[in-house]
Amino acid sequence: MKVFKFGGASVNNVDRIKNLASIVQQYRQEPLVVIISAMGKTTNALEKVVEAFYTGKQEEALQLFEVIKNQHLTTAKYLLVKQYNSCAAKLHDFFTEVEWLLHDKPVREFDYYYDQVVCIGELLSTAIISHFLNEENILNEWLDVRDILRTDDNFRDAGVDIEFTEKKIVDSWQLTVDAGMNIIVTQGFIGSTDENESTTLGREGSDYTAALFANMLNAESLTIWKDVEGVMNADPKQFPEAQLIQELNFNEVIEMAFYGAQVIHPKTIKPLQNKGIPMYVKCFLDLSLPGTIIHKKNIKGLPPIFVIKEKQILVHLKSRDFSFMGEEPMQQLYAIFAQIRVRPNLIQTGAIGVQICMDDKQDKTDQFAAQSGLLFDVQVEKNLQLLTIRHYEEALLSKMLEGKEVVLLQKTKETVQALFR
């Protein structure tokens, strides 16, 4: 049993969908779960639909959604002959699911509507690709993962009910086998509450979905197919000299994810680590490239690993009566983090104050400043960048920060973080 996950870049046009089919074709005799993201920029386009709808621009929302509908129907027409009518009927069911909502007026929070609309991207892509695989005689069972992956109602970052989901995954696989098939095609990133309200698992949550399937079906491996060679020691868009890392262990990848590296979703590793399931990051454009293997073995001699996070703020909090920043005020602070669902990227505590680096998300920033302002004096610095280097050297750090104004610096033996403007 293998689990494959294909991201949006791997299915963003007809040729790449055909390429996906050629990869799956090579493994068609093996038990296989194929998890697929929304096509290309579909998620971003659906986000604009939600924003228009939520701000009262109903006609604009419907027009934007009409473009998405036509794009997917056109893709289906290019790919399908015998399977087109069946596929189009399924697509129209999903279109109706969104349009029914868009003809109403928002009465709930934004995140709820976000999940109801954005989840359609994965359903559309997998419906088209499942039908195409069947047309190519790569027989598969399409599953709506919302019937399988149960979550809470923390919309846009839902938590998974592991016990319920595991039973549904195992049962679904058994039904597929009983039907004489050995390939499942389903969605990443999305789930559903016990009231059948769609949820999402956070951006890049498709990797997490794939890891859960791998864990619960005791897969021999998980392969993430991407448009890059494998895991790099930096984002090639920011660092043209970035190099491939052919081998990593689970702990290192968790650290990379924690500090903001975008290659692997932070929640992805734990389900794999728990059962020692290796993960491969491979290039779908060139199968001959070695890619990266991530496993539980110790790895030595790693190169420096760079992560830069843009749009950072530094919040300065100071006690009003010059009392120490002890246990009670810090507990109050972490209660605010939990309440508004934010995670600090960096914290520096002093005697009577604390500095907190966070992503600058306008609504969350405003909420945090307002809530913490009830307890502390608050100042906010904006337009900052956060550099993290794993396995750093002092000379390298100096070079990276040359000409920068550093406002906060933290070091451990392995990792340095510098906040600068």
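A residue counts as exposed when its relative accessible area is over 50% and as buried when that value is under 20%. Glutamate 327, at 62% relative accessibility, is therefore exposed. Keep those two cut-offs in mind for the tour below, and remember throughout that this is a predicted model.

**Four residues and their surroundings**

Glutamate 327 is part of helix α11, which covers residues 327-340. Its C-alpha lies 22 Å from that of glutamine 379, and 52 residues separate the two in sequence.

Threonine 365 sits in another helix, α12, made of residues 362-372. With a relative accessible area of 4%, threonine 365 falls under the 20% limit and so is buried. Leaving aside residues up to four places away in sequence, threonine 365 is in contact with Ile313, Asp359 and Asp360.

Two further residues deserve a look for their backbone angles. Phenylalanine 189 is not a glycine, yet its phi is positive, at about 80°. You will find phenylalanine 189 in the loop that links β4 (183-187) with β5 (190-192), and it is buried at 3% relative accessible area. Asparagine 383 also has a positive phi without being a glycine, with a value near 60°. Asparagine 383 belongs to strand β14, residues 376-390, and is exposed at 69%.

Here are the accessibility values side by side:

| Residue | Relative accessible area | Class |
|---|---|---|
| Glutamate 327 | 62% | exposed |
| Threonine 365 | 4% | buried |
| Phenylalanine 189 | 3% | buried |
| Asparagine 383 | 69% | exposed |

**Strand β1**

Now to the beginning of the chain. Strand β1 spans residues 2-6, and five of its five residues are buried, so the strand is largely enclosed by the rest of the structure. In a regular strand, side chains alternate between the two faces of the sheet. On one side of β1 are Lys2, Phe4 and Phe6, on the other Val3 and Lys5, and all of these are buried, which leaves both faces covered.

β1 has parallel pairings with two strands. Five bridges connect β1 to β7, residues 221-226, where tryptophan 225 is the bridge partner of phenylalanine 6. Five bridges also join β1 to β2, residues 32-36, in the parallel sense; there, lysine 2 has leucine 32 as its bridge partner.

**The six-stranded open sheet**

Further along the chain, six strands make an open antiparallel sheet, ordered β12-β13-β11-β14-β16-β15. Its edges are β12 (346-349) and β15 (406-411); each has a single partner strand, so one side of each is left without a neighbour in the sheet. From one strand to the next, the twist averages 25°.

Within this sheet, β11 (residues 305-319) and β13 (residues 353-359) run antiparallel and share seven bridges. One pair to locate is histidine 316 with glutamine 355, its bridge partner in β13.

**A cavity**

Finally, what lines the largest cavity? Phe258, Tyr259, Lys309, Arg343, Asn345, Leu386 and Gln417 form its lining. By class, these lining residues are three nonpolar, two polar and two charged. The cavity holds about 30 Å³ of space, and the structure has one cavity of 30 Å³ or more.

How values were computed. Residues numbered from 1 in each chain as written. Predicted model: local features only at pLDDT ≥ 70, side-chain atom pairs only at ≥ 80, totals over all residues. Heavy atoms only, no water. 1 Å grid on protein atoms, 1.4 Å probe; cavity = no way out; pocket = protein on both sides within 12 Å on 5 of 7 lines; lining within 4 Å. Points joined across faces, edges and corners; volume = space filled by probe spheres on them. Nonpolar A, V, L, I, M, F, W, Y, C, P; charged D, E, K, R; others polar. Helix = DSSP H or I, 4+ residues; strand = E, 2+ residues; numbered from the N terminus. Buried < 20%, exposed > 50% of the residue type's maximum accessible area, 1.4 Å probe, protein only. Contact = heavy atoms within 4.5 Å. Pairing = 2+ DSSP bridges. Axes fitted to C-alpha atoms, helices over the stretch in contact; angles between N-to-C directions.
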